[in-house]
Amino acid sequence: MKNILKNFLIFFLILAVISTIIGFFSSQNTNIEEVSLAKLVQQVKDDQVKSILVNGNQLNITLKDDTQQTSKKELSESLTEALKNYEVPTDKIAAIDIKVGEEPDSGMFFTTILPFIIPGLFIIALIWFMLRQVQGVNNRAMTFGQSGAKLADDKRKRVSFKDVAGAHEAKEDLMEIVEFLKHPQKFIAMGAKIPKGVLLLGAPGTGKTLLARAVSGEAKVPFFHISGSEFVEMFVGVGASRVRDLFKKAKKASPCLIFIDEIDAVGRQRGAGLGGSHDEREQTLNQILVEMDGFDNQTNIIVIAATNRPDVLDPALLRPGRFDRQVVIDLPDIKDREAILKIHAQGKPLDKDTDINMVAQRTPGFSGADLANVLNEAAILAAKENKKTINQLTILDSIERVLLGRERKSHILSAEEKKITAYHEAGHALISHMLKNADPVHKVSIISRGRAAGYTINLPKEDKKLQSYSGFIDTMAVLLGGYAAEKTYFGEVTTGASNDLKRVTDLARRMVTEFGMDEKLGPRTFGQKEEMVFLGREIHERRDYSEKTAEVIDQEISAYVNEGLKTAIQLVKEHKDKMEKIVDALIKRETIEKQEFESLMA
Ligand code: ADP
Ligand code: MG
Ligand code: ZN
C-alpha cells in the first residue's frame, strides 16, 4: 500500500515537471507573431520577406529585418501555388528563399500531441507498476510453501574431511556414506539397501554442520541445507509443503545430500507439548518420514540430520529405513583440540614460540567452535594492539575471554572489596589444592571478568569421561571454598558467592536425582524432564515421586551441601598460613599462575 502511494507521488512529480517543460516551449512559440496568409502575401508584394521555411501547412517566415513570423496555408496546395492564387508576381516569388522542411508535422507533434501522449504513457506505466506489485505479493504468497533450502554447490568453498580435525570414528562412519553417494551401483548389485538417513548427535559447536558439508564435498554432490526451525512457521501446513518442495528439488539434483539441522525442532516426540505449533510439527515430521519412505533404491539421496538433543527425538525417526544410522560426535579430547587449533591457526601469523599443545591442555571441555573462537579472539586482540604476530600470551588470554568474558580492568575494586575477593578466591584455590579428588588450580585472579569479581580456574589433569562420587564431593567443597573463607575471616558473606551456591546446589541435586549417588534414596532417578512448547521454550519437570520423597530429596541435597561447607570451613581455618600467603600474593600481583601457586603451597 505504501509503495503504491509512493509510486503515485513520483508519477505526479514527473507529470508536473513535464508539463512545465512543455509549457515553457509553447510559450516561447507564442513570442513569434502569427500572421494571416493575406498579410504574408502583402509582405511578399512589398518585398519585405527574406525566406520561408515550409513545414507541412506551417510557414516559418523570416523578414528582411530578421523578424520571425509564422503563418499557415492549406495542406493541399504548395506555397508557390498559394501565392500565385493571390496574384503575386512570379519574379517576387522567385526572390524569396523558399525551403521545405523535412518533418512536416514535427512542430504540431511537439506542441499538440506530445502533451497528451506523455501522461497517457505514464498512466499506462503506473497501471503496469501497480499490477506488477500486486503480482509480487501473489508471488511471495506462492513461494511461502517453498523450502528455502540453501543449495551449496560452490566448488571453491568445498569442505573436505581434511578440514575437520579429530572426530575419527565419525569420519569413518561417514566415509561409508560418501561411498554410497559416489558408487551406489556397487552396493545395489550386492542386493544391499542403501541407508537413507544419518543422524549426527553431538553438543553444539562440535562440527556437525561442518562434517555434513565435508561429506558432500568428498562425494562431490550438491548439498541442501535447511534448519528444522525453518519448517515451523506461523501457519499450519507450511512445514509439510516445504518438506515436499525440498525433496522435489533434491530429487532433481540427485545424487545429493540433504542436511536438516536442529531436527529436534520438528522431530520432537509427538504427543508431548501443548503449543499451537504442535500439529504443525507433527505434520512436518510425518511429511519428512513419508518422503524418506518413498525413496526407492534408485533415489540416490541421503538425508543427514543433526541434533544435540537425541533424548527428545521421536522414536519414529529412528526406525530402520529412516535415520537408522547414528553418528556420535564427542567433544574433542586433547589431541583433537590440538589438531583443531592447528587447522584454525592456518592463515594467522602465530609467533614462533607459540605452543599449541599447551593451549589444547588449557581448554578441556571446549568444542571445535569454541577453539575457533579462541584463535579468532586472539587475532582480534593482536590486531587491536597493532602487533605483527599473535603470541602465546594473547592466545592464553583469549581462552579466559571465551571462558569468562572480557577482563574488566576498569572495574576497580575498592581496597576492602579487593581484600574480600582475595580471601574468597584463596578459599577456592586452597581447597582445590588440599583435596586430592578436586581438579588442580591453573590460575587464580582478582581481576574481574564478565560478571565475576575474581576467578579461580581449575583444570582436570586429563580429560575425563566419567565423574566419580568422590570427585563430586570434593568439587562441592571447592565451590563452597569462597563462601567458607568469607564467613571464617569476615564473619559474614557477600553476594560474591551467589553463583557458587547455585552451582553447588545444582550439583547436589543431580547427584541425588540423576546419578543415583545417594544412599538413602537409592539407585533411581527422580523427575522426568520434558519439554513443553508453550509460550516459548521451557523445560518442565514432571514429578514421578511422592510428596514424602520430595522432602527426603530436599533433605539430602541440603545434607550434601552442608557436608561440603563443613569440609571447606575446616580447611580454611586449619591452613590460615597458606590462606594468608595466597591473599598476599593476590593483593600484590592480582593474578597467580599455576607454577607460582604450587611453589607458594610447597
Ligand atoms: P555444530 O553444527 O555441531 O553446532 P559447526 O559445524 O557449526 O557445529 O561448527 C562450528 C565451527 O566450529 C565450524 O565452522 C568450524 O570452524 C569449527 N569446528 C568445529 N569442529 C571442528 C573440527 N572438528 N575441526 C575443525 N573445525 C571445527
Ligand atoms: Mg550446526
Ligand atoms: Zn567463588
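Before I describe the sheet, a word on terms: two strands count as paired here if DSSP finds at least two bridges between them. With that in mind, and remembering that this is a predicted model, let me turn to the sheet, in which five strands are arranged in the order 1-4-3-2-5, as an open sheet with mixed pairing. Strand 1 and strand 5, the latter covering 97-100, stand at the edges with a single partner strand each, so one side of each is left without a neighbour in the sheet.

The mixed pairing can be followed around strand 4. Strand 1, residues 33-34, runs parallel to strand 4, residues 68-72, and two bridges join them, with glutamate 33 having glutamine 69 as its bridge partner. Strand 3, residues 58-63, pairs with strand 4 in the antiparallel sense over five bridges, and here glutamine 58 is partnered by lysine 72. These two strands, 3 and 4, form a hairpin with four residues between them, and aspartate 66 in the turn has a positive phi of about 70 degrees.

Now to the ligand. Where does ligand 1 lie with respect to the domains? Domain 2 (150-329) and domain 3 (334-404) both contribute residues to its shell, so ligand 1 lies between them. That shell has 15 residues, the closest being Ala165, Gly205, Lys208, Thr209 and His344, and it divides into seven nonpolar, six polar and two charged residues.

As for polar contacts, a polar side-chain atom of threonine 209 lies 2.6 Å from an oxygen atom of ligand 1, while a backbone N or O atom of leucine 210 lies 2.9 Å from an oxygen atom of the ligand. Taken alone, ligand 1 exposes 560 Å², of which the protein buries 78%.

Definitions and conventions. Residues are numbered from 1 along each chain as its sequence is written. Chains are lettered from A and ligands numbered from 1 in the order in which they are written. This is a predicted model: local features need pLDDT of at least 70, side-chain atom pairs count only at pLDDT 80 or more; totals for chains, interfaces and linings use all residues. Side-chain values use heavy atoms; hydrogens and water are left out. A residue is near a molecule or strand if one of its heavy atoms lies within 4 Å of it. A polar contact is a pair of N or O atoms within 3.5 Å; within protein, one must be able to donate a hydrogen and the other to accept it, and residues adjacent in sequence count only if both atoms are side-chain atoms. Accessible areas come from the Shrake-Rupley method with a 1.4 Å probe; for residues, only the protein chains shown count as cover. Ala, Val, Leu, Ile, Met, Phe, Trp, Tyr, Cys and Pro count as nonpolar, Asp, Glu, Lys and Arg as charged, and the others, Gly among them, as polar. Domain bounds come from an automatic or database domain assignment.
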